[in-house]
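Hello,

Here is the structure I promised to pass on. Please open it alongside this note and have a look around before reading on.

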Amino acid sequence: MQHLSTRRHFLKAGAFLLLAALAGCVSTKPEKPSGNGSDQTEATLGYVNALRKGKGLAPLANDPVAATAALAQANRMARNGKMSHLIGVGDSFLNRMKGQGVALPAAENIAAGQDDAESAYQAWYRSPKHLENMLGSGYRGLGVAVVRNPASGNRPYWAMVLSSSG
């Protein structure tokens, strides 16, 4: 009888762990913003293209698919009140981009707390890795978004997606 009780305990524990893992999974489909979100691609494109021009690189174009992916990422961060590329168990940048139809190779810059597109751009410009992304020669498209969620104190969460489409 003790053997059956122990077995049930392990089965229940296994089921609980499986449910917890599934609950942490993140959908790769863009979600409707949980707060106040907006496409900031046009407001950011001039800054990025001026930077690229100064380095002899081709300009980027507004990529609506990348903008949708950026909005989804900004939304995820605002919903969770956390600036992070990876949110949830099993999250993967590559799978997220593929699932949203973003042309690869792709890169993502994130920021939080900046009040406008210029301030977000300046934060990325001052960060060596983010600057490297903006200067990537394999990118042709750009999408930028910001989301403010009342549940996370209306802090602005920014995401930039660079894509090879454009």
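Below is what I found, going from the strands to the cores and then to the salt bridges.

A word on the basis: this is a predicted model, in which local features need pLDDT of at least 70 and side-chain atom pairs count only at pLDDT 80 or more, while totals for chains, interfaces and linings use all residues. Residues are numbered from 1 along each chain as its sequence is written, and side-chain values use heavy atoms, with hydrogens and water left out.

**The strands around S4**

A good place to start is strand S4, residues 141–148. Helices (H or I, at least four residues) and strands (E, at least two) are DSSP runs, numbered from the N terminus. Seven of the eight residues in S4 are buried, so the strand is largely enclosed by the rest of the structure. Here buried means under 20% relative accessible area, exposed means over 50%, and partly exposed lies in between (1.4 Å probe, protein chains only).

Which strands pair with S4? Two strands count as paired if DSSP finds at least two bridges between them. The partners include:

- S5 (residues 156–163), which runs antiparallel to S4 and is joined to it by eight bridges; Gly143 stands opposite Val161 there.
- S1 (residues 36–39), antiparallel to S4 over four bridges, with Ser38 and Val146 as bridge partners.
- S2 (residues 61–62), parallel to S4 over two bridges, where Ala61 is opposite Gly141.

**Helix H5 and the cores**

Next, take a look at helix H5, residues 117–125. Its buried residues are Ala117, Ala120, Tyr121 and Trp124. Viewed down the helix axis, they fall within an arc of 100° (taken from the directions from the axis to the C-beta atoms), so they line one face of H5. Among the elements covering these residues are helix H2 (41–54), strand S3 (107–112), helix H6 (128–134), S4 and S5.

The largest nonpolar core has 18 residues, and those with the most contacts inside it are Trp124, Leu142, Trp158 and Met160. A nonpolar core is a set of buried Ala, Val, Leu, Ile, Met, Phe, Trp, Tyr and Cys residues joined through side-chain atoms within 4.5 Å. H2, S3, H5, S4 and S5 each give two or more residues to this core, and H5 gives the most, with four.

Trp124 is worth a click: beyond its neighbours within four places in sequence, its contacts (heavy atoms within 4.5 Å) include Ile110, Leu131, Val144, Trp158 and Met160. A second, separate core has 17 residues, including Met77, Ala112, Tyr157 and Val161.

**Two salt bridges**

How many salt bridges does the structure hold? There are two, a salt bridge being a side-chain nitrogen of Lys or Arg within 4 Å of a carboxyl oxygen of Asp or Glu.

One joins Arg96 to Glu108, with the closest N and O atoms 2.8 Å apart. This pair links distant parts of the chain, with Arg96 in helix H4 (residues 93–99) and Glu108 in strand S3, 12 residues apart. Arg96 counts as buried because its relative accessibility is 1%, and Glu108 counts as buried at 6%.

The other salt bridge is between Lys129 and Glu132, at 3.7 Å from N to O. These residues are three apart in helix H6, so about one helical turn separates them. Lys129 counts as exposed at 51% relative accessibility, whereas Glu132 is partly exposed at 49%.

Best wishes
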